[in-house]
Amino acid sequence: MIRPLRPQEAPALAEALAHMDPWRRLGFSDDGLAGYLSRDDANLLRVVYEEEGRPVGVLCLRSPWLRGPYVELLAVVPDHQGQGIGSALLAWAAGQNGGNLWVCVSAFNTRGRDFYGRNGFVEKAELNDLISVGEDEILMRKRLR
Ligand SMILES: CC(C)(COP(=O)(O)OP(=O)(O)OC[C@H]1O[C@@H](n2cnc3c(N)ncnc32)[C@H](O)[C@@H]1OP(=O)(O)O)[C@@H](O)C(=O)NCCC(=O)NCCS
């Protein structure tokens, strides 16, 4: 079930993300991620994929962005990866308004790049040193119409 993220769920999710790549390698902290997941931001839709009463996936969608929304964060906890949850969250995002869906993926995240490619995204630009010096991000676009 996909439903809005509850603010009280942010700290545990943030801790899980801070221990996972790409966030671990890029130097994100538990506190920084918890703040991002819970602060007031009217243009950021935050949803979770719930299984057996607990969030096992999270997607943050910035909308409006660029003629369609931007997937700012997408993660599935390690013991639930590879079961279609990430794809289901992306399908939810594609069902929101807009002609394009955008995402940035770290260049080193080859599995993530493959995942988005198989979900219809095309690599459009390389953004050098965007989050961390020495690490490139790849901007990807999916046309929705
Ligand atoms: C990338 C991610 C969101 C995909 O979600 P998911 O629920 O595991 O993906 P699905 O089950 O829908 O699809 C599985 C595919 O994703 C790819 N994938 C990417 N990272 C993966 C991982 N760590 N574990 C398993 N599959 C992964 C695989 O290629 C897999 O394809 P396959 O089944 O043909 O091997 C999730 O694996 C994840 O959170 N990874 C770590 C964080 C990340 O890279 N986020 C996206 C970039 S910001």
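In this predicted model, P64 lies in the loop that connects β3 and β4. The peptide bond leading from S63 into P64 is cis, with omega near 5 degrees. The same loop, between β3 and β4, holds R67, a residue that is not a glycine and yet has a positive phi of about 50 degrees. R67 counts as exposed because 11 other C-beta atoms lie within 10 Å, where the limit for exposure is 12 or fewer. A further cis peptide bond runs from D21 to P22, with omega near 10 degrees; P22 is located in the loop between α1 and α2 (23–26). A positive phi of about 50 degrees is also found at E52, again not a glycine, in the loop between β2 and β3. E52 is classed as exposed because it has 5 C-beta neighbours inside 10 Å. Most residues other than glycine have a negative phi, and most peptide bonds are trans.

The strands that these loops join belong to an open sheet of seven strands with mixed pairing, arranged in the order β1-β2-β3-β4-β5-β7-β6. Its edges are formed by β1 (2–4) and β6 (122–128), each of which pairs on one side only. On average, neighbouring strands of the sheet are turned by 30 degrees against each other, direction ignored. Within the sheet, β4 (residues 70–76) and β5 (residues 100–106) pair in the parallel sense over two bridges, and V71 has V103 in β5 as its bridge partner. Helix α5 (residues 110–118) lies across β5 and β7 (136–143) and runs at about 165 degrees to β5.

Both V71 and V103 are listed, with A14, L59, L89 and A93, as the residues with the most contacts inside the largest nonpolar core, which has 32 residues. Two or more residues of this core are given by each of α1 (10–18), α3 (30–38), β2 (44–51), β3 (54–62), β4, α4 (85–94), β5 and β7. The most comes from β4, with six residues. In soluble globular proteins, nonpolar side chains tend to be buried together. For A14, the contacts beyond four places in sequence are D30, L33, A34 and L37.

The ligand is surrounded by 18 residues, of which Q81, G86, S87, R111 and G112 come nearest. The elements β4, α4 and α5 each give two or more residues to this shell, and α5 has the largest share, with four residues. By class, the shell around the ligand consists of eight nonpolar, eight polar and two charged residues.

Terms used. Residues numbered from 1 in each chain as written. Predicted model: local features only at pLDDT ≥ 70, side-chain atom pairs only at ≥ 80, totals over all residues. Pairing = 2+ DSSP bridges. Axes fitted to C-alpha atoms, helices over the stretch in contact; angles between N-to-C directions. Contact = placed C-beta atoms within 7 Å. Core = buried A, V, L, I, M, F, W, Y, C linked by C-beta atoms within 7 Å. Buried ≥ 20, exposed ≤ 12 C-beta atoms within 10 Å, placed from the backbone. Near = placed C-beta within 6 Å. Nonpolar A, V, L, I, M, F, W, Y, C, P; charged D, E, K, R; others polar.
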